[in-house]
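User: I am new to this structure and would like a close look at one part of it, the second helix along the chain and its surroundings. Please take it slowly, and explain the terms as they come up.

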Amino acid sequence: MKDTITHTNLSQPAHNLLVDFLESHGNIVGLDHSEALRWLLMHMTAQARGELVGRYAAGMDTGLGKTSAIACWIATLMGIPDHGIAVSVAAQRIESLCELKRTLVDLGVSPDDIGLVHSYKHWTGDPNEIPE
């Protein structure tokens, strides 16, 4: 199944989607910025194909599109029939995962295809009866 994903049908369309997404939110994506995002997306694809193993850091400042790149890459992947790839995203804050899920849905990913798992314990009962 991993042979069904390539840089041509995943990395490049994800890059196009990402640049459009960032620009639609008021960002100006210059050539160096675009190339850094392309490198990030190509590494995601290479990892999904099993060509790269391990963890990689993207030396990009806050707000330059790393999380948006993840969302656009996943949205593009979900459009490839029978891709056979499972994706897991970890975040320090639960709200970051919720925001990622909302972005994925906005990008056309079915909520049924997204799982959100966390260990946060919260009270779901009557707010007038909060246990001590």
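Analyst: Helices here are DSSP runs of H or I with at least four residues, strands are runs of E with at least two, and both are numbered from the N terminus. This is a predicted model, in which local features need pLDDT of at least 70 and side-chain atom pairs count only at pLDDT 80 or more, while totals for chains, interfaces and linings use all residues. Residues are numbered from 1 along each chain as its sequence is written, and side-chain values use heavy atoms, leaving out hydrogens and water.

Helix α2 covers residues 31-48. At 1.5 Å a residue its 18 residues should span 26 Å (the expected span being 1.5 Å times one less than the number of residues), and the end C-alpha atoms are indeed 26 Å apart, so the two values agree. Just after the helix, Gly50 takes a positive phi of about 85°.

Many positions in α2 are buried (under 20% relative accessible area with a 1.4 Å probe, protein chains only, where over 50% is exposed and anything in between is partly exposed), namely His33, Ser34, Leu37, Leu40, Leu41, His43, Met44, Thr45, Ala46 and Ala48. The buried residues of α2 pack against α1 and α3, the latter being residues 66-78. Ser34, which lies in α2, has a relative accessible area of 10% and therefore counts as buried. Setting aside neighbours within four places in sequence, Ser34 is in contact (heavy atoms within 4.5 Å) with His15, Val19 and Val29.

The packing of α2 with α1 (residues 7-24) is at an angle of about 140°, with the axes 9 Å apart; axes are lines fitted to C-alpha atoms, for helices over the stretch in contact, and angles run from 0 to 180 degrees between N-to-C directions. That makes α1 oblique to α2, a class left over once angles under 35 degrees are called roughly parallel, over 145 roughly antiparallel and 65 to 115 roughly perpendicular. On the α1 side of this contact are His7, Leu10, Ser11, Gln12, Ala14, His15, Leu18, Val19 and Leu22, and they meet Ser34, Leu37, Arg38, Leu41, Met42, Thr45 and Ala46 in α2. Those residues divide into nine nonpolar, six polar and one charged, where Ala, Val, Leu, Ile, Met, Phe, Trp, Tyr, Cys and Pro count as nonpolar, Asp, Glu, Lys and Arg as charged, and the others, Gly among them, as polar.

In the loop between α1 and α2 lies Gly26, which is exposed because its relative accessible area is 64%. Gly26 and Arg102 are 76 residues apart in sequence, and their C-alpha atoms are 19 Å apart in space.

Helix α1 also packs with α3: their axes come within 8 Å and cross at roughly 130°, which makes α1 oblique to α3. Here Asn9, Leu10, Pro13, Ala14, Leu17, Leu18, Phe21 and Leu22 in α1 meet Ser68, Ala69, Cys72, Trp73, Ala75, Thr76 and Leu77 in α3, a contact with twelve nonpolar, three polar and no charged residues.

Beyond α3, in the loop that leads to α4 (94-106), lies Asp82. Asp82 counts as exposed because its relative accessibility is 59%, and its phi is near 50°, a positive value in a residue other than glycine. Asp82 and Ala48 are 34 residues apart along the chain, and 14 Å separates their C-alpha atoms.
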